[in-house]
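Hi everyone, thanks for coming. Today I'd like to walk you through one protein chain, from the whole thing down to a couple of side chains. Have a look at it with me.

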Amino acid sequence: MEFPDLGKHCSEKTCKQLDFLPVKCDACKQDFCKDHFPYAAHKCPFAFQKDVHVPVCPLCNTPIPVKKGQIPDVVVGDHIDRDCDSHPGKKKEKIFTYRCSKEGCKKKEMLQMVCAQCHGNFCIQHRHPLDHSCRHGSRPTIKAGCSPMTVSESRPLGDFLTLAPGGLAQRLGYWFTRLM
């Protein structure tokens, strides 16, 4: 060998490879090759002093202290069961929070359905003004701008001609009279 003093042998008993760029372990202060440098590869007896990992709770992102000799997974599991603020099983949020304003109805909905006229909150069955007897304004409306007709007000073709918009009613009325 041309350079017998250059490099160092790996301190691992089974290796002893001559390495020209050895790495010194910062825990046990011995020289190792690149294959045996990690703490686990050379079974470093002082690794617990340097190789410290603090587990973090996956739910609340809080670091969990682990004592020497404890398994981190068990400690994190205990934290989730007892101390975690974000545990999904601990506090149950109410989904159906919007109660129907109709008298006698006890249904609750996930989404708020507010009447545009009386501004009350109603369930799906009572969401329309006619379904909850909306009395804001004059009369409950069926469609925007149209008031409901009673049986006494209805006439076979006369109201149709006056209620339908524009000349369309007159044209349709003309065809209805021709068909009869």
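Let's start with how much of this chain is tucked away: of its 180 residues, 22% are buried. Please keep in mind that this is a predicted model.

What about the surface? The chain exposes about 14500 Å², and 57% of that comes from carbon and sulfur atoms.

Now the elements. How many helices and strands are there in the protein chain? We have four helices and six strands. If you trace them from the N terminus, the order is β-β-β-β-α-α-β-β-α-α.

Next, contacts. Take those in the chain with a separation of 6 or more: 10% of them join residues that are 24 or more positions apart.

Let's move to two patches on the surface. One is nonpolar, covers about 440 Å², and is made by Ile95, Phe96, Met110 and Leu111. You can find Phe96 in the loop between α2, residues 72–82, and β5, residues 98–99. Is Phe96 buried or exposed? Somewhere in between: its relative accessible area is 47%, so Phe96 counts as partly exposed. That value is over the 30% that a patch residue needs.

The other patch carries positive charge, and in it Lys94, Arg99, Lys106 and Lys108 gather on the surface. Look for Lys108 in strand β6, which covers residues 108–109. With a relative accessible area of 43%, Lys108 is partly exposed.

That's my tour, and I'm happy to go back to any part of it.

Terms used. Residues numbered from 1 in each chain as written. Predicted model: local features only at pLDDT ≥ 70, side-chain atom pairs only at ≥ 80, totals over all residues. Heavy atoms only, no water. Buried < 20%, exposed > 50% of the residue type's maximum accessible area, 1.4 Å probe, protein only. Contact = heavy atoms within 4.5 Å. Areas by Shrake-Rupley, 256 points an atom, 1.4 Å probe, with all protein chains shown as cover. Patch = residues over 30% accessible without salt bridge, like charges linked within 9 Å, V, L, I, M, F, W, Y side chains within 5 Å. Salt bridge = Lys/Arg side-chain N within 4 Å of Asp/Glu carboxyl O. Lys, Arg positive; Asp, Glu negative; His and termini not counted. Charge placed at Lys NZ, Arg CZ, Asp CG, Glu CD.
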